[in-house]
Every structure is written in structure tokens, then in C-alpha cells.
Amino acid sequence: MHRTWRITLQDLKETNNLRLYFHSAAEHDIQKQLKDAPLQLPYNFHTVEKVHINMVGIGDLESQLLEYGKISISNLLIMGDQIIFMLELQILKEISKLMLILIYWRLMSIQSRLWWPKGQGDQNLYQVTCQLIYKDNILQQKQIKTGIKIAKWILQDDSNGQTFKLNLNNRDIYIKGANYIPPDMFMPRALKNPQVYVDIFLNSLAAGYNGLRIWGGGQFEYDIFYELADQHGILLWHDFLFACAMYPGTNDYLENIRQEIYDNVKRIRIHPSIIMWNGNNEVELGWKTWGWASLNQGVNQQLIASWYTKIFREVIPNVLKEINPDIFYWETSPSPNWLSRGDIHYWGVWASRSPIESYQQSVGRFNSEYGMQALIDVNNVKKFIKNPNDVHLNSLAFQIHQRHIVGIPTIQYYLNEYTGESTDFSRNIYFSQLVQFIALETAIGSLRNSKPYNMGTFYWQINDVWPVVSWATVDYYNCWKGGHYAAKKSHQDPAMFANKIDNNPLKVYIVNDQEKVYQGNITIQWITTANYIIKSWRFENFEIGNQAKLVVNESLDDFEQFKNQSYVFMRFDCYQQDCDFYGTQIFTRPKSLKLQDPQIQYTKYNNILTFTSQALAKSVYITGESECINLDKNFFDIVPNNPIKIKLPSDQKLRIMSLYQ
């Protein structure tokens with residue numbers, strides 16, 4: 001899979017037929033396994049897809065521009081936001097004197113501006129043209145767009161372990177985004193509909209991402225994906241396609257890996273958005289901690305371990321040293337060192353049913369997987385479950401459209417813990433999306449507060465491969481779930497977060513990941529749900545640069561008395577444009593919060609809804625009566641005397657609910 005096959009055609013006649021025969025890949029793999037490796041290769045049974053599909057695709061059937069040489073860049077020097085370099089073409093093969101390879105740099109200048117990720121600068125791209133000329137005729141021509149960056153990962157020992165952060169163009173970058181999986185079970189269908197890929201990046205930008213992790217259980221993407229990443233400034237952590245299993249290390253298999261890496265890295269290495277090659281997803285973790293090694297003993301165990309070493313410590317890094325040495329290679333995700341170094345996958349919440357609050361203690365140097373499932377909008381459920389009698393959590397039809405073997409019971413567990421479970425299906429959809437909102441807001445806030453100890457967050461996951469209940473924050477039909485609104489709010493620059501763990505003081509942070517310094521006034525209030533202000537803090541002419549800053553660190557008198565009937569209101573009124581922040585934090589689980597009737601009201605002017613309330617209106621949710629609608633805000637809180645404005649993308653009948661109901 002993902003290989004490029006080149007065949008030399010000889011003895012051609014005036015008219016020729018080209019026939020391609022495809023045999024069963026599954027049967028081939030089974031026979032090779034029996035012949036070359038007659039032992040059990042461990043894998044994660046929970047990741048087996050419900051549907052196995054053999055797809056055969058034919059790529060470009062055309063002649064290729066032959067590789068006569070390679071381009072090298074040297075003498076790099078950054079001066080401000082410009083880079084000066086030397087461009088050199090090295091001829092590797094002898095070419096007829098009548099042929100000439102021409103390379104054009106669009107600006108015809110050795111001074112070019114750097115490519116930056118979203119929020120850090122402009123995405124400067126340049127067009128490069130390569131032509132093969134014979135007797136003044138252009139035989140072949142290739143045009144590409146690329147950008148210039150200098151990227152390195154800083155792994156430096158410190159008092160807490162070892163840093164794990166991206167330095168781009170001499171600037172440390174905090175990465176925030178999500179894991180990405182293929183957008184369709186039938187990938188050619190996605191390719192034929194480019195809007196699928198456009199939506200991925202529009203949703204990423206809308207939620208404040210500057211990065212995506214291409215998960216190792218997916219595929220090397222089509223060119224359009226990487227082009228959009230370059231264009232929009234989305235950094236790509238790119239797994240190679242090894243996930244949740246052990247792999248054979250026979251000679252022909254290793255050669256196949258070598259060629260697959262060679263073909264695909266050469267195709268996409270030109271894209272400035274790629275900032276990491278990761279060897280695999282959870283392979284070493286499964287071998288060392290999930291009991292895989294115990295499935296084989298003695299010689300077989302040693303053999304499988306040696307295969308891992310050959311693939312991920314020899315073959316892949318050796319190919320990269322040859323064809324893409326400038327991009328950082330990370331052997332496996334997560335790293336085996338837990339919180340102190342490398343990256344972590346934290347699945348205590350969800351898989352082990354740990355409380356959502358445990359995110360506050362599970363901060364690694366880079367959290368590259370964590371997440372919470374949520375049901376999808378009821379209007380979209382009805383698109384794949386046609387029988388109204390099956391629209392409930394325990395129906396067989398609904399269970400089939402569930403991504404995890406114990407997904408529904410786990411969703412029900414978190415509902416009972418945080419909101420209570422309703423007999424009304426639509427209400428349970430709201431509750432499950434609210435739980436996802438709380439989970440991601442808690443996790444992202446805890447990670448960003450810990451900057452620079454933590455320098456990255458990828459939650460699991462942005463998208464879905466088919467209509468299914470999963471951890472995705474955007475469903476297969478491009479409808480935002482609660483988690484995507486949480487990501488949008490929590491990724492904002494600047495953003496404010498409050499936390500209080502057990503008997504510890506109240507801590508309120510303000511965080512900014514951009515180089516831009518924001519100025520404004522901060523208002524923080526501890527308020528009862530009956531609208532009594534217990535305590536308030538005010539900071540005028542406050543400045544926040546590229547940092548996480550602790551604003552309040554204070555014990556609260558009588559906290560236990562007000563714990564279930566109060567909240568903290570946080571507001572940053574920014575002097576610049578489009579940088580205000582508004583948020584709240586409760587100190588109990590939603591089901592235990594003693595709310596007053598908020599008496600929610602709203603007015604509509606053109607396509608703007610303005611909401612007000614007489615008391616705290618918690619987690620207000622808006623959806624369409626007949627279709628899901630994506631809004632600029634949702635699952636929002638309304639504090640008295642602080643109106644909330646919502647922009648409607650279309651005019652339709654709405655359903656509005658809140659936690660008080």
C-alpha cells in the first residue's frame with residue numbers, strides 16, 4: 001500500500017493494450033505470514049475495525065520527470081523575518097549535452113520570507129518550476145509551491161526531566177490541535193469531493209488550531225491535504241503507518257517498508273507544514289505495558305523485539321537520513337517515559353473511567369492523545385438510523401454505530417457521574433456533548449496553564465471516517481459537537497482558566513501563545529448562583545505576552561459553604577480588536593450545581609441573537625430543529641449583565657436548552 005510502481009515498457013507497437021491484474025492483498029498477507037513468520041504477532045484487539053474493506057486504487061498513469069540531481073540549500077542565515085541561503089543543483093547522473101534542467105525561483109531572489117504557522121506570522125509560499133528541455137523543446141515540466149522554515153525539536157534535560165518542544169525559525173512554538181484520521185471509509189470518494197478536505201482545515205482554523213497529528217492508523221494523504229496545511233499554517237506531526245500492532249521484519253517486508261517511506265517522503269517532503277516524522281503509534285507501548293510480549297516466549301519473543309528494532313531504529317531512520325534529514329524523527333508515540341519527557345497518551349479519563357478532574361494532574365511535556373466520546377446531533381442520528389424505534393442508546397442499530405467496544409456503557413457512566421442520565425434521547429445527546437465540552441476544556445486549560453513545562457496538545461480526534469459515535473469533535477456530517485466549541489474557546493489567545501483542587505487555593509491563569517502582547521482589563525468575580533458577589537479582583541492595564549501567567553492564587557473563605565452554589569466569572573476586556581475573553585468555572589459537577597431559574601431571553605436583529613439572563617444560565621445549547629448548525633459559540637454561559645451575541649449562519653427554527661432545564 002502507498003507504493004509507487006514504475007515499469008519500463010519495451011517493444012511498443014503503434015497500438016498497445018495495458019492490462020493490470022490485482023490479486024487479494026489479504027490472501028497474500030496471510031500466506032506470507034504462514035510462510036515467513038509462523039507465529040502470533042500481537043495487536044490491540046480493541047482497534048479492529050467493524051468493517052474490513054479491500055480497496056484498490058490506481059494513481060497517476062503517466063511518465064515522470066526523471067531524477068537527474070538534487071537541490072541542496074546551504075549557508076542559511078535568518079535576518080529578521082527574512083532568510084538568506086545558497087541554492088545549488090547537484091547533477092547525479094550524466095545527461096545528454098542537448099538536455100538541460102532548469103529550475104526557477106519565482107522571486108528570482110536569494111532573499112525570501114519565512115513560512116510560519118497560524119498565529120505566528122504569514123504563510124509565505126513560493127513557486128518552483130523545474131523543466132526538462134531537449135532541443136529548445138520543453139519535454140516535461142513540474143511546478144510546486146513550498147515555503148522556507150528552520151525547524152528543530154528541543155530535547156534538553158531540565159530539573160523536571162527533559163523538554164519536548166518545537167523551535168521554528170528561532171521561536172519556541174506551543175502546538176495546539178487534534179489527531180486526524182481519514183475522512184472517509186472510501187478514500188477515493190473524499191478525493192473526488194475536495195470540500196471534505198477544505199472543511200477539515202476550516203474547522204481546524206475556527207477552533208484555534210495551529211497543528212494536526214496524522215495518526216499512524218490512517219494513510220499518507222493526497223496532495224491536497226498537505227497543500228491546504230501549507231496554505232493555512234497548520235503544522236503536521238506525521239506518523240508513519242504503523243499502529244497498535246507488532247510488525248514482521250522479514251527481508252521482503254523491510255524492503256517494502258523502505259520503498260514505501262522512500263516514495264511518500266519524497267512526494268511530500270517539500271511541504272513546510274511537516275515538522276515531525278513519527279515512527280509508530282502505540283507499538284512500543286503495547287509491547288512493553290499491554291502484555292503483548294507475554295503472548296510469545298523465548299526465541300519468538302526475542303525475534304519480534306528484534307523486528308521492532310530493525311523497522312523503527314534502523315530502516316526508517318536510515319531512509320530519512322538519506323532523503324529528509326532535516327525533519328525530526330521520533331521513534332514512537334507515546335514515549336515510554338510518561339510525564340517527565342517526550343509525549344504521552346493519557347487515557348485514564350475514558351478508558352479507565354478516571355474523573356475528568358484528573359486531567360489537572362496528568363500534564364506531560366506534550367499530550368498527544370486524550371479525549372472523551374460524545375453522541376452526535378439528533379438530526380444526524382436519524383440519517384443513519386431510519387427506524388424511530390431504534391433511536392435510543394441500547395438499540396442494536398445504535399450499538400453498531402459505536403467506535404469502542406464498551407463505548408455506550410462508558411458514555412452512560414460519565415453521564416451518571418456528571419449530569420445524570422435522562423429518559424429523553426435528545427437530552428442525553430446534550431448531556432454527552434456537555435461532558436465532552438467539560439473534558440476538553442479541563443484538559444486543554446490544564447496543559448496551557450503549565451506552559452512552558454507542557455508545549456503541546458493534540459486531543460483525540462477532530463473528525464470521523466463514517467457516521468458513528470466516537471471521540472470526534474466534528475461528526476461525519478461536518479456537525480460540531482460540544483468538544484469542538486470547547487477547543488475553540490480553550491485555544492483562544494488570550495484565554496483564561498480557573499481551577500481549584502481539593503483544599504488548594506483558587507488559581508486563575510491567563511495564557512497567550514502568540515508573540516503579540518495583549519493589553520486590557522481583567523475582571524474576576526466569585527459569585528453565587530443567586531447573584532451575590534462574594535469576592536472580586538480587578539487588574540487594569542494588564543499585559544500578557546507569550547506566556548502563561550498566574551493572576552490569582554488565593555484561598556477562599558467559606559468555600560465549602562458555597563461550593564455547590566457558586567462560580568468564578570472571568571473577563572478580559574482587550575484594548576486591541578478580537579481578543580476579548582469571557583468564561584466561567586464551577587467547582588462541582590454540573591448535576592450538583594444548585595441553579596436558579598435563569599429566565600433566558602434573546603432578541604434577534606438580522607442574523608445576530610443577543611442572549612440575556614436573570615441568573616447564571618449554564619451551558620446554553622442551540623441547535624436547529626431540522627438540521628445541525630455550526631455557530632461561533634455554543635454550550636456557553638450567560639452571566640447577568642453580560643449579554644452574549646451569537647451569529648446565525650442560516651435562518652431556521654431553533655431548539656435551545658440549558659442545564660437548568
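A residue counts as buried when its relative accessible area is under 20%, as exposed when it is over 50%, and as partly exposed in between (1.4 Å probe, protein chains only). By that yardstick, 52% of the 661 residues in this chain are buried. What you're looking at is a predicted model, where local features need pLDDT of at least 70, side-chain atom pairs count only at pLDDT 80 or more, and totals for chains, interfaces and linings use all residues. Residue numbers start from 1 along each chain as its sequence is written, and side-chain values use heavy atoms, leaving out hydrogens and water.

Here are the whole-chain figures.

| Item | Value |
|---|---|
| Helices in the chain | 13 |
| Strands in the chain | 32 |
| Exposed area of the chain | about 31,700 Å² |
| Share of that area from carbon and sulfur atoms | 49% |

Helices (H or I, at least four residues) and strands (E, at least two) are DSSP runs, numbered from the N terminus. The areas come from the Shrake-Rupley method with a 1.4 Å probe; for residues, only the protein chains shown count as cover.

Now for one sheet. β23, β22, β25 and β26 line up in that order as an open, antiparallel sheet, where strands pair if DSSP finds at least two bridges between them. β23 (533-544) and β26 (581-586) sit at the edges, each pairing on one side only. Strand β22 (residues 518-528) runs antiparallel to β23, and nine bridges join them. Thr523 stands opposite Arg538 in β23.

Back towards the start, Leu12 lies in the segment before α1 (25-36). Leu12 counts as exposed because its relative accessibility is 55%.
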